[in-house]
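Welcome! Here is a friendly first tour of the structure shown below, arranged by topic so that you can follow along in the viewer.

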Amino acid sequence: MTSNQDLSEWVTQVAALTQPESIHWCDGSEEENSALKELMLSTGDLLRLNEETHPNCFLHRSDPKDVARVEHLTFVCAELEDDAGPNNNWMSPDDGHAKIDPLFAGSMKGRVMYVIPYLMGPYGSPFSRAGVEITDSPYVVVNMRIMARIGERALHHIEDCKSFVKGLHSLGDLSPDRRCIMHFPEELLIKSIGSGYGGNALLGKKCHALRIASSQARTEGWLAEHMLILGLESPAGEITYVAAAFPSACGKTNLAMLVPPEGYEGWKIWTVGDDIAWMHLGSDGRLWAINPEAGFFGVAPGTSLKTNPNCMNTLGRNAIYTNVAVTEDMQPWWEGIDGEKPTNLIDWQARKHDPEITGKAAHPNSRFTVSANQCPSFSPEGDAASGVPISAIIFGGRRASVSPLVFEAMDWEHGVFAGASMASETTAAASGQIGQVRRDPMAMKPFCGYNFADYWAHWLSFSKKSDKLPKVFHVNWFRKAEDGEFLWPGFGENMRVLEWIVNRCEGSVEADETPIGYVPKPDSLNLAGLDIGPATMRSLLGITPSVWVNEINEIEEYFNTFGKKVPDVLYAQIKRVRQAVSAEI
Ligand code: GTP
Ligand code: SPV
Ligand code: MN
């Protein structure tokens, strides 16, 4: 089936181990896609949604114990433990294979083994990378077809360029006790068993495009990041591209599809990507970003015409929904969607919904999978081989306190420090407790395929290679008042902060210098039409010195867990900020 001997030998080996009933090489065609959907409709793996309101849309209900990423079961099996770093679970490659291979023995008996050649990144881009995922899940195939460029053109790419990432996936018996996701960066290999959920099973996404790619990017001098990419077009028609890293379920998809609020007539946001950015230094010294994905695997709850109209207008057709609720007439439903809550909802586990007994109707991490090119704001540059030039990098977290609405880093080194010291409340995107503040450097805690200390050094190294790097900012849409309400309206109103960021990039607006960076002067954020008083703005932009002394101590303790490898520059930043905030107490 392929002229690439390495690939055909691997497929033979995997088949010998997993013993499938048959092997199917995916060509990515419409016929193949329809046949797989028919198959899943017949087994109950998919349900057809209301064809009139949601043409060609389907619902998948996953195993109730398999609804999110599982960070405690995710490993980086580098030769040296120190290369994986304290930020990853580690096993030696030998131990990793020895643990996971027996779980694959006979795991595909009675099932079809699908071989999916895929490309991450636009066809014809020098930055695109290929992979092959072997899986026994037809759900994975139909999702990969949306999320990546799969089939023959990807296979040709592999045959031309030889190098590709191997990903072996099996549902196994779906038992959490026999679930693990292992990465072998030195072998460009991923092995995942026991889960059918997004990030654990669609191996092109987090496993390849972030964990393996970040480690390749380090060696090769580029960046693979958990970032959205958007273009902000001004009324004059100028487009400024920015990339933003927020942890899982902290607002990337929403920001990437933002619709400017009233008062911003003539402004437009273009969506290039909503989750992952691969960035390379161009010959002009700028960072150029591509979106390696072709679709969105987005969080359903909270998505509505009010919060994200572009998204709602993307996902009404040709979409696969996972773990949402349905109405009596088979329309998808989730908490936060528009309109009154319908009666007689069926919840994500196919039960009659009763909030008292069964809790939320849609799982908090329920998702939709849909092609990017259906999005009304999808950028004409979204498929550009060169990528787009990035003017600003924005880091952000979900924090009820401490971190202000926005600040700008003083320079690249301070920007890397701001990224490395990010913290955010955990969300339903990963199994475990929700709402716990944890350090999540560059939103890459679950996704950096190597030691964070080396990763920070890699980020810092860019300032030696270019003096045209993006400016770096930090935002927090999630600061709360004493009563627990969000202080900032968020969503479309985030445009106001984006505008300030772009103005700062152009040097057209002043800022106040504080110990932690530059913040907007009271009148430099456009608040026209917003019902927010000066006291609220002070709370949103406030930097409390005593709180920040504590914050800096915590950041230092966190850095210390990485030992001697942490770049001195980051400790110098700690010292500088500590002195400056202490002086204000
Ligand atoms: P992943 O796909 O997990 O990486 O998530 P993401 O970073 O793309 O997050 P997404 O945009 O899907 O938003 C996650 C949740 O946060 C949704 O429930 C949103 O409605 C909510 N959210 C997004 N932006 C904002 C905002 O500006 N303010 C508030 N309060 N909530 C937001
Ligand atoms: C995330 O958790 O950051 C996601 C969903 O984007 S997943 O594909 O599961 O990683
Ligand atoms: Mn994500």
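A good place to start is Asn254, where an N or O atom of the side chain lies 2.7 Å from an oxygen atom of ligand 1. Please keep in mind that this is a predicted model. From here we visit the two ligands, then the domains, the nonpolar cores and the aromatic rings.

**Around ligand 1**

- Ligand 1 is surrounded by 22 residues, and the closest are Ala249, Lys252, Thr253, Asn254 and Arg367.
- Asn494 also reaches ligand 1, with a polar side-chain atom 3.0 Å from an oxygen atom of the ligand.
- Asp275 has a polar side-chain atom 3.1 Å from an oxygen atom of ligand 1.

**Around ligand 2**

- Asp275 turns up here as well: a polar side-chain atom of Asp275 lies 3.4 Å from an oxygen atom of ligand 2.
- For Ser248, a polar side-chain atom is 2.5 Å from an oxygen atom of ligand 2.
- Gly199 takes part through its backbone, with a polar atom there 2.9 Å from an oxygen atom of ligand 2.
- The residues around ligand 2 also include Arg69, Tyr197, Lys205, Lys206, His226 and Arg367.

**Domains**

- The domain assignment lists domain 1 (5–54 + 69–221), domain 2 (225–295 + 380–543) and domain 3 (297–364).
- Between the centres of domain 1 and domain 3, taken over C-alpha atoms, there are 28 Å.
- Domain 1 and domain 3 meet through 15 residues of domain 1 in contact with 10 residues of domain 3.

**Nonpolar cores**

- The largest nonpolar core contains 95 residues, and Met279, Trp456, Trp459 and Phe559 have the most contacts inside it.
- At least three residues of this core come from domain 1 and at least three from domain 2.
- A second core, separate from the largest, has 38 residues, among them Leu258, Phe473, Phe478 and Trp488.
- To get a feel for the packing, pick out Trp456: leaving aside residues up to four places away in sequence, Trp456 touches Val416, Ala420, Pro441, Met442, Tyr558, Phe559, Phe562, Val566, Pro567 and Leu570.

**Aromatic rings**

- The structure has 21 aromatic pairs.
- Tyr558 and Phe562 make up one of these pairs, an edge-to-face one with 5.2 Å centre to centre and 75° between the planes.
- Are Tyr558 and Phe562 buried or exposed? Both are buried.
- Tyr558 and Phe562 also belong to an aromatic cluster whose other members include Phe395, Trp412, Phe417, Trp456, Trp459 and Phe559.

**Charges over rings**

- Phe478, a member of the second core, has Arg398 over its face, at 4.1 Å from the ring centre.
- Over the ring of Tyr518 sits the charged end of Arg504, 5.3 Å from the ring's centre.

How values were computed. Residues are numbered from 1 along each chain as its sequence is written. Chains are lettered from A and ligands numbered from 1 in the order in which they are written. This is a predicted model: local features need pLDDT of at least 70, side-chain atom pairs count only at pLDDT 80 or more; totals for chains, interfaces and linings use all residues. Side-chain values use heavy atoms; hydrogens and water are left out. A nonpolar core is a set of buried Ala, Val, Leu, Ile, Met, Phe, Trp, Tyr and Cys residues joined through side-chain atoms within 4.5 Å. Buried means under 20% relative accessible area, exposed over 50%, partly exposed in between (1.4 Å probe, protein chains only). Domain bounds come from an automatic or database domain assignment. Contact means heavy atoms within 4.5 Å. Rings of Phe, Tyr and Trp (its six-membered ring) pair if their centres lie within 6.5 Å; planes under 30 degrees apart count as stacked, over 60 as edge-to-face and the rest as tilted. A charge sits over a ring if NZ of Lys or CZ of Arg is within 6 Å of the ring centre and within 35 degrees of the ring normal. A residue is near a molecule or strand if one of its heavy atoms lies within 4 Å of it. A polar contact is a pair of N or O atoms within 3.5 Å; within protein, one must be able to donate a hydrogen and the other to accept it, and residues adjacent in sequence count only if both atoms are side-chain atoms.
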